[in-house]
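Student: Please take one helix packing in this model and look at it closely, then work outward from it to the rest of the chain.

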Amino acid sequence: MNAAGESGRGREPKRRVCDASSSDHCDPWAIEPMPRELFDSPLDFLFADHHRQRQAVRILLNIAAGAWDETGGSDLITFLERDFALHIQDEECDFVPLLRRICPPEDGIDVLAERLADEHADDRSSVQRVIAILRKRLQGEPLSRQAQESIRDFAAHLRQHLAIENSVLLPIARVRMDAESLTALSKAMRNRRGGHMS
Ligand SMILES: [Fe+2]
Ligand SMILES: [Fe+2]
């Protein structure tokens, strides 16, 4: 993904997001902005959102290892409270129900959907625990060993969840969803964000 341009961060909007090819000229605290240019391509949007969640995982692991930046930590809280929550709603309320309607039984969507719903429920509770930890860190409280473990557990859980969705769920959707389904999903995701992407 192109990381140039607006970063969505309050601090330095032009700084580059770190990725596998990055040198030291990138911001290790940056998460790419919502991919508004993909508004009409909802599966690409979801994939891009997964990429942003991987960036959040990287930041969480850095924090668990002792790194800290006040603006970066604050932006991460905003991402988890807003963008991550919206993403789970996209999947739970629209994307997965749509797939359950249109996919034939041999795709095994019902079993997969139940697994993902369980994982989303876990994410909803563990992200609240992580946000509370980050808020305390923002107030100057150092991380306890237990807090470090909670952050690492959440990051590991999210990473494997993303792997399943990218390797199984999205490929099925790319085969099964027609123009009408894609338009309906795009509309629902747009409405969830009040018709805009910021
Ligand atoms: Fe997802
Ligand atoms: Fe998900």
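**Helix α2 and its neighbours**

Tutor: Helix α1 (residues 42-64) packs with α2 at an angle of about 145°, and the two axes are 11 Å apart. The model is a predicted one. The crossing in which α1 passes α2 is left-handed. On the α1 side, the contact is made by Leu-46, Asp-49, Arg-52, Gln-53, Ala-56 and Ile-59. On the α2 side, Gly-72, Leu-76, Phe-79, Leu-80, Asp-83, Phe-84, His-87, Asp-90 and Phe-95 take part. By residue type, this contact of α1 with α2 divides into eight nonpolar, three polar and four charged.

Helix α2 also packs with α3. Here α2 covers residues 70-102 and α3 covers residues 109-138; the angle is about 165° and the axes are 10 Å apart. Because angles over 145 degrees count as roughly antiparallel, α2 is roughly antiparallel to α3. The crossing of α2 past α3 is left-handed. The residues of the contact of α2 with α3 comprise 16 nonpolar, three polar and nine charged.

One position in α2 can be followed across to the end of the chain segment that forms α3. Ser-74 lies in helix α2. Ser-74 has 17 C-beta neighbours inside 10 Å, so it counts as partly exposed. Its C-alpha atom is separated by 8.0 Å from that of Arg-135, although Ser-74 and Arg-135 are 61 residues apart along the chain.

Now α3 itself. Its 30 residues, at 1.5 Å a residue, should span 44 Å, and the C-alpha atoms at its ends are 41 Å apart, so the two figures agree. The buried residues in α3 are Ile-109, Leu-116, Asp-123, Val-130, Ile-133 and Leu-134. These buried residues of α3 pack against α2 and also against α4 (145-176). Just after α3, Gly-140 takes a positive phi of about 100°.

In α4, Glu-149 gives a further point of reference. Glu-149 counts as exposed because it has 12 C-beta neighbours inside 10 Å. The C-alpha atoms of Glu-149 and Ala-64 are separated by 7.6 Å, with their positions 85 residues apart along the chain.

The segment before α1 also reaches the region of α1 and α2. Trp-29 lies in that segment. With 27 C-beta neighbours inside 10 Å, Trp-29 counts as buried. Leaving aside residues up to four places away in sequence, Trp-29 touches Ile-59, Asp-69, Gly-72 and Asp-75. Two of these names have already come up, since Ile-59 of α1 and Gly-72 of α2 both belong to the contact between those helices. The C-alpha atom of Trp-29 is 10.0 Å from that of Glu-70, which is 41 residues away along the chain.

Phe-39 lies in the segment before α1 as well. Phe-39 has 17 C-beta neighbours inside 10 Å, so it counts as partly exposed. From C-alpha to C-alpha, Phe-39 and Lys-187 are 8.8 Å apart in space, while in sequence they are 148 residues apart.

For the chain as a whole, there are five helices and zero strands. Read along the sequence, the pattern is α-α-α-α-α. Of the 198 residues in the protein chain, 25% are buried. Among contacts between residues at least 6 apart in sequence, 69% join residues at least 24 apart. The pairs described above that are separated along the chain include Glu-149 with Ala-64, 85 residues apart, and Phe-39 with Lys-187, 148 residues apart.

To return to the starting point, the α1 and α2 axes lie 11 Å apart at an angle of about 145°, and the α2 and α3 axes lie 10 Å apart at an angle of about 165°.

Conventions: Residues are numbered from 1 along each chain as its sequence is written. Chains are lettered from A and ligands numbered from 1 in the order in which they are written. This is a predicted model: local features need pLDDT of at least 70, side-chain atom pairs count only at pLDDT 80 or more; totals for chains, interfaces and linings use all residues. Axes are lines fitted to C-alpha atoms, for helices over the stretch in contact, and angles run from 0 to 180 degrees between N-to-C directions. Helices (H or I, at least four residues) and strands (E, at least two) are DSSP runs, numbered from the N terminus. Angles under 35 degrees count as roughly parallel, over 145 as roughly antiparallel, 65 to 115 as roughly perpendicular and the rest as oblique. A crossing is left-handed if the near helix is turned anticlockwise from the far one by less than a right angle, and right-handed if clockwise. Ala, Val, Leu, Ile, Met, Phe, Trp, Tyr, Cys and Pro count as nonpolar, Asp, Glu, Lys and Arg as charged, and the others, Gly among them, as polar. The expected span of a helix is 1.5 Å times one less than its number of residues. A residue is buried if 20 or more other C-beta atoms lie within 10 Å of its own, exposed if 12 or fewer, and partly exposed in between; C-beta atoms are placed from the backbone. Two residues are in contact if their C-beta atoms, placed from the backbone, lie within 7 Å.
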